[in-house]
Amino acid sequence: MFELPPRVRSKIMTLKDAEHQALAILTSTQRTISEAKHAYGINPHGDKADALRQEIERLESMQPANSARHRALADLNAKIARYLELLPAHVTLDDAKPIKLKAKPNETHLQAVQRLRGEIMGLVSERGRVERASPTTKEMKAAARRYIQSLAEQYPARLIIEHGKFELEFGRGVIGERAPTPLEVLSWIDPALVQHRLYEMIDARPKPSLQMDAADRKQRLDEIKAELFELERLECAHIDAAREEGTLIEHRPNVDIRALLGLAVRRMASAA
């Protein structure tokens, strides 16, 4: 079991306390509703009947939000527990270096969180586009060359010459081995022809909206991952600062647990 760093442990306890408080509000409100309904049922035409009915309606209108908040906090705490349970044994846990918030002029913490969430959504959208990016035409043709070569090598030709026998066989003579396809045979006979035809098919394809070579795609995905993490750290820091000032802002359900807890996960030197 990992020894949690002090600030991380404190944040976990704060989130658990918030879940317990949300449950207490939910159950207390439900109990008050039941008591009010009981009182109304005893005397539905008394002087306080209208007031009781209005109070029941008011409290019942609050319960969906109360229930949603408790469920969100319970799910978030369960997600934290699962994350910590699944951490590999060869890591060490530390408190991440706190973020120094630089508030923009006349921007509240709530406004900052809304702005950051807009930036997060923009990066998530870009990540999806980059992940769906097509290879460049150059990479497609290089893949075609490798494909032809693999087909030609799949079933190597074997020339059999004996007295009264001259045969060309494909494959290794293994019993049960399937016969080569026409394309595999043709890739051995005339790879240049097959390559030319594949190049023509590649050139005739509709041009994708975004093409990236493998190295650029990986680099941009790595950059987006780092940028997203920093934005989430800022978002969580603003939520914590708002809570200290008495403003409640809920965390996103899919927030990065490391950003949420202020957790730094490092591999041990021996494992690295």
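**Figure 1. Who touches Ile 80 in this predicted model.** Skipping its neighbours within four places in sequence, Ile 80 is in contact (heavy atoms within 4.5 Å) with Ile 12, Leu 15, Ile 257, Leu 260 and Leu 261. Residues are numbered from 1 along each chain as its sequence is written, and side-chain values use heavy atoms, with hydrogens and water left out. Because this is a predicted model, local features need pLDDT of at least 70 and side-chain atom pairs count only at pLDDT 80 or more, while totals for chains, interfaces and linings use all residues.

**Figure 2. The largest nonpolar core.** A nonpolar core here is a set of buried Ala, Val, Leu, Ile, Met, Phe, Trp, Tyr and Cys residues joined through side-chain atoms within 4.5 Å; buried means under 20% relative accessible area (1.4 Å probe, protein chains only). This one has 18 residues, and Ile 12, Ile 80, Leu 84, Leu 260 and Leu 261 have the most contacts inside it. Two or more residues come from each of helix H1 (6–42), helix H2 (49–85), strand E1 (91–95), helix H7 (214–244) and helix H8 (257–261). These are DSSP runs numbered from the N terminus: helices are H or I with at least four residues, strands E with at least two. H8 chips in the most, with 4 residues.

**Figure 3. Another core, apart from that one.** It has 10 residues, including Ile 120, Leu 123, Met 212 and Leu 221.

**Figure 4. The chain as a whole.** There are 8 helices and 4 strands. Of the 272 residues, 31% count as buried. The C-alpha trace spans about 115 × 50 × 45 Å along its principal axes.

Conventions: Buried means under 20% relative accessible area, exposed over 50%, partly exposed in between (1.4 Å probe, protein chains only).
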